[in-house]
Amino acid sequence: MNGKLVPEKAAKVSVFDHGLLYGDGVFEGIRSYNGRVFMLDEHIMRLFRSAKAIDLKIPMTQAGVAKAVVKTCKANRVMDGYIRLVVTRGVGSLGLNPYTCGTPQIIIIAGSIQLYPKKLYDEGLSIVTVGTIRNHTESVNPQIKSLNYLNNILAKIEAINSGCMEAVMLNPQGFVAEATGDNIFVVRGNTLLTPPTWCGTLEGVTRNVVMKLAAEAGMDVREEVMTRYELYTADEVFLTGTAAEVIPVVKIDRRSIGSGKPGPVTRQLAKTFNRFASSNGTPIV
Ligand code: PXG
């Protein structure tokens, strides 16, 4: 916390922190594989962009945060794990005004995550489109990974209550945006499609890696506006995210996608991604 290693039980924030009171703050989720932090600089750049977007000045340099992440992994022996990086607005008065707050709190948690059971990576996920629309880009821009994830949580609640583990969120125009914590991709022949960020889609770090790996493998990779039609008629659909990695989707709104089984393109991309992730990153030393 704030540059110091603190035992879990002593790692506390104030009840007057605006991160708690208002969800005023930003975060990142990062993975480590094989003793390396994956795409560390990209996550830190996004953290600083999110902070800038909410006029929050992080009292540390990007290099300082990177060093602190590595140090926290090392101290916790998190060689294959999950890192949560959180910056809150800090302690302020009871009132929205963020400018009453003192120093932002910088928190780094090094632990682990398993988003979906392993069997779903082999068998594929069933997901649903939900009524909760993704935030309008001029309300809370989905590029901002803020501590207020209620938009996504409300969608997640709808999905779970309809018997699925994940939701597809549409934007206010009815175009496909993303899942609650993952980006969405459509495979159509040799073409790989994903919504452009202006559709209310977070520019996922995993998304960008998968797009690059697919292009290198000879696929025609495009950012395209999508409706549910593109999902229902896809050969294959999959989700990407730091926590989820690459996971196939086999049903949307109870309709089978493609063959109804994880497709060859998704399986190959997942393999390529896993190989890339396990051999690239900032060493934890
Ligand atoms: N969209 C949203 C809304 C996200 O929150 C992604 C896409 C994927 O982005 P990355 O950069 O991770 O490829 C995210 C990130 C969780 C969890 O506990 C989810 C994310 C991050 C950390 C934890 O479900 N999603």
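**View 1. The ligand and the residues around it.** In this close-up of the model, a polar side-chain atom of R46 lies 2.9 Å from an oxygen atom of the ligand. The whole model is a predicted one, and every value in these legends is to be read with that in mind. Y149 also places a polar side-chain atom by the ligand, 2.5 Å from an oxygen atom, and for T242 the distance from a polar side-chain atom to a ligand oxygen atom is likewise 2.5 Å. On its own the ligand has 550 Å² of accessible area, of which the protein covers 91%. The ligand is surrounded by 20 residues, and the closest of them are Y82, Y149, E178, T206 and T242.

**View 2. Helix 3, its length and its buried residues.** Helix 3 is made up of the 14 residues 62-75, which at 1.5 Å a residue should span 20 Å, and this agrees with the 20 Å that separate its end C-alpha atoms. The buried residues in this helix are V65, A66, A68, V69, V70, T72 and C73. An α-helix has 3.6 residues a turn, so residues three or four places apart point the same way. The cover over the buried residues of helix 3 includes helix 2 (40-53) and strand 2 (36-37), together with strand 3 (81-88), strand 4 (105-111) and strand 14 (282-283). Just after helix 3 comes R77, which takes a positive phi of about 50°.

**View 3. Two cysteines, C73 and C101.** C73 counts as buried because its relative accessibility is 0%, a value under the 20% that marks the limit for buried residues. C101, with a relative accessibility of 14%, therefore counts as buried too. As for bonds between cysteines, the structure holds zero disulfides.

**View 4. Positive phi values at N2 and N34.** N2 is not a glycine, and yet its phi is positive, at about 50°. This residue is found in the segment before helix 1 (18-22), and because its relative accessibility is 38%, N2 counts as partly exposed. N34, which is also a residue other than glycine, has a positive phi near 55°. The place of N34 is the loop that runs between strand 1 (25-33) and strand 2.

Note on methods. Residues numbered from 1 in each chain as written. Predicted model: local features only at pLDDT ≥ 70, side-chain atom pairs only at ≥ 80, totals over all residues. Heavy atoms only, no water. Helix = DSSP H or I, 4+ residues; strand = E, 2+ residues; numbered from the N terminus. Expected span 1.5 Å × (residues − 1). Buried < 20%, exposed > 50% of the residue type's maximum accessible area, 1.4 Å probe, protein only. Contact = heavy atoms within 4.5 Å. Disulfide = S-S within 2.5 Å. Near = heavy atom within 4 Å. Polar contact = N/O pair within 3.5 Å; in protein donor to acceptor, adjacent residues only side chain to side chain. Areas by Shrake-Rupley, 256 points an atom, 1.4 Å probe, with all protein chains shown as cover.
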